[in-house]
Amino acid sequence: MLRLPPFRYLAPRTLGEATRLLAEEGPQAMPVAGGTDLLPNMKRRQFTPAVLIGLRHLRELKGISGSPEMGMRIGAGETLTSISNHPLICAHYPALALAAAAVSTPQLRNAGTIGGNILLDTRCNYYNQTEFWRHSIGYCMKRDGSICLVAPGSPRCWAISSADTAPVLVALQARVRLVSVRGEREIPIQELFYDDGMRPYTREADEILQEIWLPPALGWRSTYLKLRRRGSFDFPILGVAVALRREPDGRIGDARIALGAVASHPVEAEEAMARLRGQQPTPALLQEVATLAAKRARPLDNADLTITYRKQLTPVYVRRALDLLLEAEQGSGAE
Amino acid sequence: MRELITLRVNGERYEVAVLPHRTLLEVLREDLGLTGTKHGCELGECGACTVLLDGVPVLSCLTLPLEVQDCEITTIEGLEEQGRLHPLQETFAELGAAQCGYCTPGMLLSAVALLRQNPHPTREEIKQALSGNLCRCTGYTKIYEAIEAAAERLSVAHQGERRPDAALQP
Amino acid sequence: MDEWRRLQPRKAGPYKVVGKPLPKVDAYSTVTGRAIYADDIMLPRMLYGGLLRSPHPHARIISINTRKARELPGVLAVITGEDLPRKYGILPSSQDETALAVDKVRYVGDPVAAVAATDPDTLEQALRLIEVEYEVLPVLMGIEEALAHPDIKIHEETRNGNIHKAVSYEFGDIEAGFAAADYVREDWFYYEGNNHVPIEAHACLARWEPDPHDPIGGKLTLWSSTQTPHYVHREVSKVLGIPPSHLRVIAPHVGGGFGGKSDPFSHEICACELARRTGRPVKITCTREEVFLIHRGRHPVKMWIKTGVKRDGTITAMHFRSFLDGGAYGSYGVATTYYTGALQPVTYALPAYKFEGMRVFTNKPPCGPKRGHGTPQPRFAVEVHLDKIAADLGIDPIELRKRNLVRPYSRTINGLRITSCALEECLDQVVARSGWREFHAARLAREAEAVRQSSPVRHGMGLALSTYICGAGKPIYWNDMPHSAVQIRLDRGGGVTVYCGATDIGQGSTSVLAYIVAEELGVEPERIHLETADTTLTPVDLGSYSSRVTFMAGNAAIQAARRLKELLHSVAAERLRLPPDRLESGDGFIYCVDDPQVALSFEQAVQLAEARYGALVAAGSYAPPEDIHGDFKGAGVGPSPAYSYSACVALVGVDIETGEVKVEKLWLAHDVGQAINPLLVAGQVEGSAYMGYGEALMEQQIFRKGRHKIPSILDYKIPTTLDTPEIETILVGQPDDEGPFGGKEAGQGPLLPVIPAIANAVYNAVGIRIDEVPITPDKVLRALKAAHSEPGERPLPPPRVTPIVLNELWPARLIRWSPEHLEQRPDPTNGHHQHPRQGESAPHGAASTSSQLPQKGGTA
């Protein structure tokens, strides 16, 4: 049986106490919320924190409030299940509900939190392996080694951003609030990410992700498509999040396209987005936009299936996501 | 260093001294002797160790006992009531939904949670609810049939509340 | 002839128990969590054991230093290869394993040392403290590499490079067969290997009970999640040097096997040795990664097939070559090699057949038997190849198959005796139930509709047939003893206890014993207590492999029950003043067939019989008939007392933009003879269809840089509820003359046609052939892009199986054989019955049935 390495466990009762403990214990400590990403990684010895600080009972991280008119606040400790079932999120931020529902399995969504999913450790099939396996191959730079085993000549780590909700929150232009003993900051979610598999987040070790703010949703439609081999369990090998708003005359007022699992961070397809804005959607335009968006996908051989395949599927999924949104609009009439 | 904690499992209170890094799965099986909860991967990739926390299915291999002292934990051993099987246990047995039986406890707990929330699930809803439980023997078909039959029995039992015993007869 | 070899005639129906959809006898223990599996057993003072495994695919061990580990508080024993140097292996011909590596490691995961410690944390720490110095050796990771580098020897003992086994057979006149053909086609196929992935990881617990007066020093008990306690018993005894009399192997509830728990394993042997050394119980539970590393799964096989046919599709000759990637050790590999060739003539009547097979060693986890053992790979190749021939000739694939179906009660060109066979009925059933003809007739309209709706999904239907054995005709080690035995004890209170070595791995073998004994004795199955899979308590059954248990243990159970029934009927006849032949047993009574009111309760009869005869214990045994195969060397793999037959139609939707294949439905018809319990049979068919589906589309044991690429059940894909297709099971066939109540196997055969049926359906949907399993979406998309590229595009070439080029002759002596050899032998049956029925002519050798056959039809 694969077991956890020893650690001390601390259970703060308030967010203030949690940030204080995190600061006091220093880099040897890690916060744990749902545990669905951290604990398997610890069993594989990808992380061996001396201290775990439990966020599970912090009320400050709970709650879903607000409205699509004003925008919504989601506590980072809310489970993926509660997000995927929330009526306002399902109706007005469907991409987020879809992405939350697409994560792993019901059991993991019942325990896993949105905060944990956003801060999911980047993944790589040279890295998400047991201690035995990584020892066998000689370790990689992300943990215990010095080189990248996917691209041995490369100075950086190419582990993949694999969170389903991350590209969606980028496409929805969400903001996140981080708190620490040093204070708090609220940033656009894009600024939470680095294009670096080793250190994929700008979150400092003493910071706790407290909440996510979604902007008003009126007039926006959104969707999320996930490529994976099976209907559950699997991480995305491509995630496509699209949000768009149309003008009364049918032209596209604004569009946001973000890709997941194609790099170490969620990638925005700026060129494709710009090409869409102000245009009447035609099949030819959508195909062009899909091709443009796909240029941002640079998969490497460190996830399921082949690089070529994952690359080839990117424009297909982008176009299908756009088709879905535009067809749905036609179906229900302009809002 | 062990910590003394209290767990509420299947309506019983257990005081147990645990190492913080022992999972709920390990404590249930090795400290409490509740070996009905199985393990297939210990990484959250199979669903065999599913238990209910306050009625919600989660994986005991990824749960820290220290964090769930305020929860009511239900394992497979807790599905029988006063010696009588849960209708799902009956139909799983009668309709061949358990072959090797190793995924069965986890599968049953997912199914119990489903029927509590949705007493008349469609086949598609059943598939969704069980999508975190892998079975290697059955091809799932007999599991779906057993859940559908149990839903039927529960609804008949519900209608004839005065005579649950008679209503639960096959 | 030994008295125990005589089969009993079948009991007359209608049956009270047989054929009824009863719950399994252990159903309530499994659904309540009461069932005890190996890892559930905890004993006082139990230690945790574990193995240190090689991090290198191929290396020489320079030194092992265990001092630091031994000195760690809480560590009670550390052992290495020199502590257990005796070689072992499941097959007497492949004794190439040691419990812990001696001198060399041959794959990543090869065990090097074992530790017993007081708790899991100390165990892990101790394993880290063992220092092993290796000299890394060149690595061979595939068939071609292993053949190209005979100088890099994985096993010193192999005579020819890394070739573990090579065989070559010609049955009938192959040249004449091809000369008579109007059309000849050749194809290459590749079947990627895969793992069984039982949800229960292997686990075992060993206990040593010392006895200073015993020259052996004590007795050892091993509980293990094994399918073959008898073989584990033999091998553990051999390696530990403990006589079998002092060793007891028990299989508790087993959480799925599928062939993966059929070998004696290092962790079993090490747990025993650690228990002996420490005097304390030792448990070893494998991690999921270790399950992928100890493997013994489906062999990757590259296959070449050449078939000659007449214009109408009648096969004139087939030449089949298989190259098996065996991994680092022998395991069942010699048998697997034979199985890749043995059953082709059992599905289609081949007038001439040549088979050449070879297995090579590579630096990967050892391959072994998985559901269908060596036959799903050739089944895939043959069924896809025949589909291609049908397309080439413009013949309906059903017609082509119908022209070549093997006939009931015939003898194959390689000498195998075929008895009951409802293959044609299987085929007809799946064709009718799936709406095959209508589907194909509507093809153009359906495609037009897909285009009109701009749907990227194209639908297709494919079909395949198959055959499987009902138990291997020969045991793994040569002997003349029964393959299965059952002992029944009757209690004066009316209790019935059945003892049998048969091992229930979820398939329901224990339940089948209960149904059969209940039917024979005329009591309800709930009355029966079962003791199984315990080498001390129960008579030998060879194990749950080769789909043998229902057939063999079932027949042994019938024999044992008949012997007791005879005693009961003799005293009952006396008491009721009736001739014994007017009595029957049923519903807990022994009654007069002419007047059921004249009856004696089962309990009364037992008490009378016990008073008359003393303790009521009887045993029954079974071994397959002798004369069911040819008389050439190697004829021992393939024969079976009966064969099951299956047919499958798959309906798929292929997304032409993504290459994704969705199997929407599988129709599976299976000839099981008489279903002892149709619920359990349907469960086996559905489980086989599911597993075949997974193998066809997603499962693969693959390697990168010498390591298993995906040793977890997240990355190794097994189908979830959201993937698995709808499965319609159709049971067909007539009771088999020799099967218990006419029963045949269902556990493995139904897997076989699923994979080629899906492959053929993909072709039917989008016109591309993926001759390599699994058919992953990247392969499909690549083939589609290659087939439909626009001018100016330069797509990748379609996936293609690279042929293996042999620079020399086939490295095995050719054995030529024809069924005439059998016909020239004197008929041992001495005018016993013959089997051709309903005016069918008997092809080669059908008349030479053996003396162990029942009277035709029995009393049925």
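The paragraphs below lead from the overall form of chain A, through the enclosed cavities, to a single residue of chain C. The structure is a predicted model, and every value given here is computed from it.

Chain A contains 12 helices and 12 strands, and along the principal axes its C-alpha atoms fill a box of roughly 60 × 45 × 35 Å. Because a compact globule of 335 residues would have a radius of gyration near 20 Å, the 20 Å found for chain A agrees with that expectation. Buried residues make up 64% of the 335 residues in chain A, and of the contacts in this chain with a separation of 6 or more, 62% join residues 24 or more positions apart. The accessible surface of chain A comes to about 11,900 Å², with carbon and sulfur atoms contributing 55% of that area.

Turning to internal space, there are 17 cavities of 30 Å³ or more, and the largest cavity holds about 140 Å³. Its lining consists of 17 residues, of which A:Arg44, A:Thr130, B:Leu43, C:Pro711 and C:Ser712 are the closest to the centre. By character, the lining of the largest cavity divides into 5 nonpolar, 5 polar and 7 charged residues.

In chain C, Val685 offers a local view: C:Val685 lies in helix H19, which spans residues 678–697, and counts as buried because its relative accessibility is 0%, where buried means under 20%. Leaving aside residues up to four places away in sequence, C:Val685 touches C:Leu668, C:His670, C:Thr729, C:Leu731, C:Ala746 and C:Pro750. By contrast, C:Ser570, which is 115 residues from C:Val685 in sequence, lies 42 Å from C:Val685 in space, C-alpha to C-alpha.

Key:
Residues are numbered from 1 along each chain as its sequence is written. Chains are lettered from A and ligands numbered from 1 in the order in which they are written. This is a predicted model: local features need pLDDT of at least 70, side-chain atom pairs count only at pLDDT 80 or more; totals for chains, interfaces and linings use all residues. Side-chain values use heavy atoms; hydrogens and water are left out. Helices (H or I, at least four residues) and strands (E, at least two) are DSSP runs, numbered from the N terminus. Buried means under 20% relative accessible area, exposed over 50%, partly exposed in between (1.4 Å probe, protein chains only). Contact means heavy atoms within 4.5 Å. On a 1 Å grid over the protein atoms alone, a cavity is a set of points where a 1.4 Å probe fits but cannot get out, and a pocket is an open set with protein on both sides within 12 Å along at least five of seven lines; lining residues have an atom within 4 Å of a point. Grid points are joined across faces, edges and corners, and a volume is the space filled by probe spheres set on the points. Ala, Val, Leu, Ile, Met, Phe, Trp, Tyr, Cys and Pro count as nonpolar, Asp, Glu, Lys and Arg as charged, and the others, Gly among them, as polar. The radius of gyration is taken over C-alpha atoms; the globule rule is 2.2 Å times the number of residues to the power 0.38. Accessible areas come from the Shrake-Rupley method with a 1.4 Å probe; for residues, only the protein chains shown count as cover.
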